[in-house]
Amino acid sequence: MTAAHPPNLADPATYARHDMHEVWRRLRAEQPVHWHPEPGFWALTRHADIARVLMDNDRFTSQKGNVLATMLQGADGGAGRMLAVTDGPRHTELRRLLLKAFSPRALERVADGVRDSTDRLIALALERGECDFARDVASIIPLTTICDLLQVPEADREHVLRLTKSALASDYSTPEARADQVARVEILLYFTDLVRRRRAAPGDDVISLMAGATVQGAALSNDDIVLNCYSLIMGGDETSRLSMIGAVAALIDHPAQWRALKDGQVSIGDAVEEVLRWTTPTMHFGRTVTQDVTLRDAVLRRGDLVTLWLTSANRDEAVFDAPDVFDLGRSPNKHLTLGYGPHFCLGAHLGRVEIAAMLHALRAYVGALDRAGAERHLYSNFLSGMSSLPVALKAEP
Ligand code: HEM
């Protein structure tokens, strides 16, 4: 690999085979605005360039998809309807509406639930002494949290959790192992029914909020609401889960940082930010160019696809001191893990609450933490992290 010819960034196998941090380092140094041939798209790797593009929705739109896979297909089915792939005034209005449900105050009750269930799951893991941290702890918290947010009735919980788990199972350990399409359709049908029930009897949940609102002068259709529920599940499940699993692996691999956390030498707030930077679960997001624009010495043409490698920005030596060091006390920490600008993660507070609850429970109740078997990594050009992490835990003496 030379910087002029990095491995195929569209191929999930690349991420399994290469030391990607070395690939990003060379691209940042030698070709920060790189034209990736076949399939053709720009790859941006410096923090400053990525932040600039993320800020500029006029010249770089999300409406043709915001991840490489959909952008390469030429369109995103949710364009103009799902928040993440909508731009302009409709995005502003829809976002303002959803933000009402995502402010720290509105989320107080959900956050309490996150802390309780995290403590409970860690206590169960300690009782057993060994667990797959991915399956037994980290996969349960985000989905339960989203069910709380959408106020999925207790009686339906098991059904919904089972469907979402099989539809979104992040176990792409082989190229053939694809998420279950049938379960996806069933989720959409389930939420279509729930939207109908909420229209008939509104509550104080996100679905009722959308059902009672107008955007650009018109009520949101059932389909629009279902798509946005689905995108909350997609946006909020795997991301937080991968960060939590990555946090545990990093703490095992860096015993001095584990001690710093245990001894209270670092604040949970700073530690959460470093976990986010270190794990960067969504490696890239993308945009389509709406008018010719010059970036460094390159001219990006209208219609070109641009990929923004957050995972590279988060190790940019121009922004971070010792970027390859896992330092829970790092401050400032201007990572781009949650995005930047108009599409900045809607669930940022919730994601942070989940990781904070996990770190807090580990600090308070776990005395010793170790690997208990081989981990399994995802097979993806978009998500990075582990689908399995067997660990052994001992309680505080
Ligand atoms: C947007 C990452 C948690 C829902 C984003 C974006 C990133 C991101 C990078 C920007 C995408 C872009 O610019 O195209 C993460 C990470 C998380 C996390 C790393 C956890 C560690 C959550 C949670 C939810 C959520 C818990 C909801 C329950 C969303 C939504 C958007 C978004 C709806 C679209 C916002 C918009 O377009 O205005 N997320 N996210 N995310 N995220 Fe998250």
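## The iron and its one protein partner

Let's start with the metal: the iron atom of the ligand has C345 as its only protein donor, through the SG atom at 2.3 Å. Keep in mind that you are looking at a predicted model. And where does C345 sit? You'll find C345 in the loop between α16 (310-313) and α17 (348-365).

## Around the ligand

How many residues surround the ligand? There are 27 of them, and the closest are H91, R95, R287, H343 and C345. So that's a second mention for C345, the residue that reaches the iron with its SG atom.

If you sort the shell by residue type, you get 13 nonpolar residues, 12 polar ones and two charged ones. Several elements chip in: α5 (88-102), α12, α13 and β7 (284-289) each provide at least two residues of the shell.

## Polar contacts with the ligand

Now zoom in on some individual atoms. H343 has a polar side-chain atom 2.5 Å from an oxygen atom of the ligand. R287 also points to an oxygen: an N or O atom in the R287 side chain is 2.7 Å from an oxygen atom of the ligand.

With G235, look at the backbone: one of its N or O atoms there lies 3.2 Å from a nitrogen atom of the ligand.

## How α12 meets α13

To describe two packed helices, you give the angle between their axes and the distance between those axes. For helix α12 (residues 222-236) and helix α13 (residues 238-253), the angle is about 10 degrees and the axes are 4 Å apart. Angles under 35 degrees count as roughly parallel, which means that α12 is roughly parallel to α13.

Which residues make this contact? On the α12 side they are M234, G235 and G236, and on the α13 side they are E238, T239 and S240. By type, that gives one nonpolar, four polar and one charged residue. You may recognise G235 here, since its backbone also has that N or O atom 3.2 Å from a ligand nitrogen.

## How α13 meets α15

Helix α13 has another packing partner, helix α15 (residues 268-279). Here the angle is about 100 degrees, with the axes 9 Å apart. Because angles from 65 to 115 degrees count as roughly perpendicular, α13 is roughly perpendicular to α15.

In this contact, L242, S243, G246, A247 and A250 of α13 meet V275, L276, W278 and T279 of α15. Six of the contact residues are nonpolar, three are polar and none is charged.

## Two cis peptide bonds

Finally, check out the backbone at two prolines. The bond from E38 to P39 is cis, with omega near -5 degrees. P39 is in the loop between β1 (33-36) and β2 (41-44), and E38 lies in the loop between β1 and β2 as well. E38 has another backbone feature to look at: its phi is near 45 degrees, a positive value in a residue other than glycine.

The bond from S331 to P332 is cis too, with omega near 0 degrees. P332 belongs to the loop between α16 and α17, which is also where you found C345.

Notes. Residues numbered from 1 in each chain as written. Predicted model: local features only at pLDDT ≥ 70, side-chain atom pairs only at ≥ 80, totals over all residues. Heavy atoms only, no water. Axes fitted to C-alpha atoms, helices over the stretch in contact; angles between N-to-C directions. Parallel < 35°, antiparallel > 145°, perpendicular 65-115°, else oblique. Contact = heavy atoms within 4.5 Å. Nonpolar A, V, L, I, M, F, W, Y, C, P; charged D, E, K, R; others polar. Donors = N, O, S within 2.8 Å, 3.2 Å for Na, K, Ca; no water. Near = heavy atom within 4 Å. Polar contact = N/O pair within 3.5 Å; in protein donor to acceptor, adjacent residues only side chain to side chain.
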